[in-house]
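This report is a short walk through selected parts of one protein model. Please look over the sequence and the structure before reading on.

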Amino acid sequence: MAKKAIITGITGQDGAYLGEFLLQKGYKVYGLYRRVSSPSFWRLKELQIYKNPNLYLLECDITDSISVFNTIKKIMPDEIYNLAAQSFVQTSFEQPLSTMQINSLSVTYMLESIRLINPHIRFYQASTSEMFGKTDDEPQHEQTPFAPRSPYGISKLCAHWTSINYYESYNIFACSGILFNHESPLRGKEFVTRKITDGVAKIALNQLECIELGNIYAKRDWGFAKEYVEGMWKMLQTSMPDTFILSTGKAYSVKEFVTLAFEYVNIPIVWENEGLNEVAINTKNNRICVRISPKYYRPAEIDSLVGDYSKAEKILGWNPSCSLQDLCKLMMEADLQRNRHKL
Ligand code: NAP
Ligand code: G4F
């Protein structure tokens with residue numbers, strides 16, 4: 001009989017790729033989305049899984065414990081992948097309470113429902129490298145102490161410990177994947193890589209003159225989301241629940257990513273000035289194409305994150321293969337196409 005998996009956050013980047021992956025594996029996929037006046041399934045449509053007969057889309061607000069309990073009881077899944085979250089760090093500073101409700105409390109609702117309904121359901125928690133925060137360990141590994149720097153990081157750390165606690169207390173198979181930044185053409189435009197590829201595509205097509213960015217010296221370990229969802233699945237197929245880092249082991253600055261994106265569209269740039277006055281100039285037309293705005297600075301920043309994925313490689317046989325150059329190319333191609341056709 002086909003396995004049944006619930007994916008919370010099916011409308012997000014990872015939810016869509018994981019849905020595609022599990023459907024290919026023969027699962028019945030129950031994708032949960034929250035009620036909004038106009039729900040958007042554009043990612044599921046882009047991956048051409050929206051009409052798949054084994055994909056069932058169900059309304060469920062993960063901040064409503066009754067909704068969570070009843071949904072799990074109705075579906076009786078084998079596996080739950082908890083990907084739904086208020087996932088934007090910047091917003092978490094402006095909406096700390098709802099970030100906590102969505103990202104932390106919901107995990108207790110899910111694990112408590114599993115405990116009461118069927119303790120054999122396997123649970124995946126989407127933990128994050130943001131939990132490492134201000135750390136001196138480089139690269140970060142599973143034993144690196146946590147020191148989160150944002151309400152988002154704090155909320156995810158609470159959820160992370162909750163899932164560990166449900167294993168230790170009730171033997172529930174709860175795994176946490178500490179995933180470093182992963183991007184794709186399906187990334188939301190609020191995140192820096194997609195903001196850059198969308199902006200550079202528009203500049204190349206003469207639809208925009210300049211992008212405004214915040215801290216371009218921040219470094220992140222950026223992988224390809226499609227490869228990371230396979231790691232989530234592998235975590236739930238092991239004999240013992242555990243915590244695994246998924247990352248590439250390489251860190252690049254936002255500035256380096258900007259340079260890669262402009263290189264892809266053959267726009268030569270030079271950087272001038274420093275701090276808030278730093279700009280990139282398009283040397284083809286001598287116009288400023290990147291400037292800095294304090295609007296995008298965070299109250300507390302994480303300067304650099306880079307992960308050691310050797311445990312996942314050893315135990316799960318998982319490793320990343322997409323370079324940042326290839327990732328940037330994939331995203332640029334998609335954004336050029338979308339903006340050319342105003343999609
Ligand atoms: P994403 O694209 O922002 O997707 C977030 C999903 O959560 C969306 O489907 C969103 O629904 C849903 N959601 C938010 N609030 C909800 C609520 N109250 N009830 C039900 N659904 C709700 O994020 P992602 O990049 O796919 O990330 C997936 C998960 O991994 C998140 O938990 C994120 O925090 C975590 N993570 C991501 C990364 C990364 O680099 N991408 C790294 C580490 C961890 P709407 O469409 O309605 O907004
Ligand atoms: O793309 P970002 O917004 O991602 P961030 O904050 O690293 O969070 C992402 O990765 C986490 C894993 O570590 C996830 F848990 C989380 O859900 C999310 O997916 O920002 C990346 C860096 C930051 O240092 C930010 O300050 O880019 C810097 N940045 C510079 N200018 C900018 C901008 N970020 C955004 N979003 N917009 C800018 O204009």
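Which residues does Ser163 touch, not counting residues up to four places away in sequence? The model is a predicted one, and in it Ser163 touches Leu111, Phe123, Gln125, Ala174 and Ser176. Ser163 belongs to helix H6, which covers residues 151–170. Its relative accessibility is 0%, so Ser163 counts as buried. The side chain of Ser163 also reaches the backbone oxygen of His160, at 3.0 Å. Ser163 and Met110 are 53 residues apart along the chain, and their C-alpha atoms are separated by 9.7 Å.

**Helices H3 and H5**

Met110 also appears in a helix pairing. Two packed helices are described by the angle between their axes and the distance between the axes. Helix H3 (residues 65–75) packs with helix H5 (residues 96–117) at an angle of about 40 degrees, and the two axes are 9 Å apart. That angle makes H3 oblique to H5. The contact is made on the H3 side by Ser65, Val68, Phe69, Ile72 and Lys73, and on the H5 side by Tyr109, Met110, Ser113, Leu116 and Ile117. H3 and H5 cross in a right-handed way.

**Helices H7 and H11**

A second pairing joins H7 and H11, with an angle of about 50 degrees and axes 8 Å apart. H7 and H11 are therefore oblique to each other. Their crossing is right-handed. From H7, the contact is made by Thr193, Arg194, Thr197, Asp198, Val200, Ala201, Lys202 and Ala204. From H11, the residues in this contact are Cys328, Met331, Met332, Asp335, Leu336, Arg338 and Asn339.

**Salt bridges within the helices**

Side chains of opposite charge can pair when their charged atoms come close. The structure holds 14 salt bridges. The table lists some that lie within H7 or H11.

| Salt bridge | Closest N to O distance | Helix |
|---|---|---|
| Lys202 and Asp198 | 2.8 Å | H7 (residues 192–204) |
| Glu333 and Lys329 | 3.6 Å | H11 (residues 324–340) |
| Asp335 and Arg338 | 3.2 Å | H11 |

How many residues apart are Lys202 and Asp198 in helix H7? They are four residues apart, about one turn of the helix. Asp198 has a relative accessible area of 9%, so this residue is buried. Both Asp198 and Lys202 are among the residues of H7 that make the contact with H11.

In H11, Glu333 and Lys329 are likewise four residues apart, about one turn of the helix. Are these two residues buried or partly exposed? Glu333 is partly exposed, because its relative accessible area is 37%. Lys329 is partly exposed as well, with a relative accessible area of 40%.

Asp335 and Arg338 are three residues apart in H11, about one turn of the helix. Asp335 has a relative accessibility of 1% and therefore counts as buried. Arg338 counts as buried too, at 9% relative accessibility. Salt bridges with shared partners join Asp335 and Arg338 with Glu46 and Arg194 into one network. Of this network, Arg194, Asp335 and Arg338 also take part in the contact between H7 and H11.

**Helix H9 and its cover**

Helix H9 spans residues 254–264, and its buried residues are Val254, Lys255, Phe257, Val258, Leu260, Ala261 and Phe262. What covers these residues? The cover includes the helices H7 and H11. It also includes several strands: S8 (211–213), S12 (252–253), S13 (269–272) and S15 (287–292). After H9 comes Asn266, whose phi is positive, near 55 degrees.

**Leu57 in strand S3**

The last site is in a strand. Leu57 is found in S3, which runs over residues 55–59. At 25% relative accessibility, Leu57 counts as partly exposed, because buried means under 20% and exposed means over 50%. Leaving out residues up to four places away in sequence, Leu57 touches Ile10, Gly31, Tyr33, Phe41, Leu44 and Tyr50. Leu57 and Pro241 are 184 residues apart in sequence, and their C-alpha atoms are 28 Å apart in space.

Note on methods. Residues are numbered from 1 along each chain as its sequence is written. Chains are lettered from A and ligands numbered from 1 in the order in which they are written. This is a predicted model: local features need pLDDT of at least 70, side-chain atom pairs count only at pLDDT 80 or more; totals for chains, interfaces and linings use all residues. Side-chain values use heavy atoms; hydrogens and water are left out. Helices (H or I, at least four residues) and strands (E, at least two) are DSSP runs, numbered from the N terminus. Buried means under 20% relative accessible area, exposed over 50%, partly exposed in between (1.4 Å probe, protein chains only). Contact means heavy atoms within 4.5 Å. A polar contact is a pair of N or O atoms within 3.5 Å; within protein, one must be able to donate a hydrogen and the other to accept it, and residues adjacent in sequence count only if both atoms are side-chain atoms. A salt bridge is a side-chain nitrogen of Lys or Arg within 4 Å of a carboxyl oxygen of Asp or Glu. Axes are lines fitted to C-alpha atoms, for helices over the stretch in contact, and angles run from 0 to 180 degrees between N-to-C directions. Angles under 35 degrees count as roughly parallel, over 145 as roughly antiparallel, 65 to 115 as roughly perpendicular and the rest as oblique. A crossing is left-handed if the near helix is turned anticlockwise from the far one by less than a right angle, and right-handed if clockwise.
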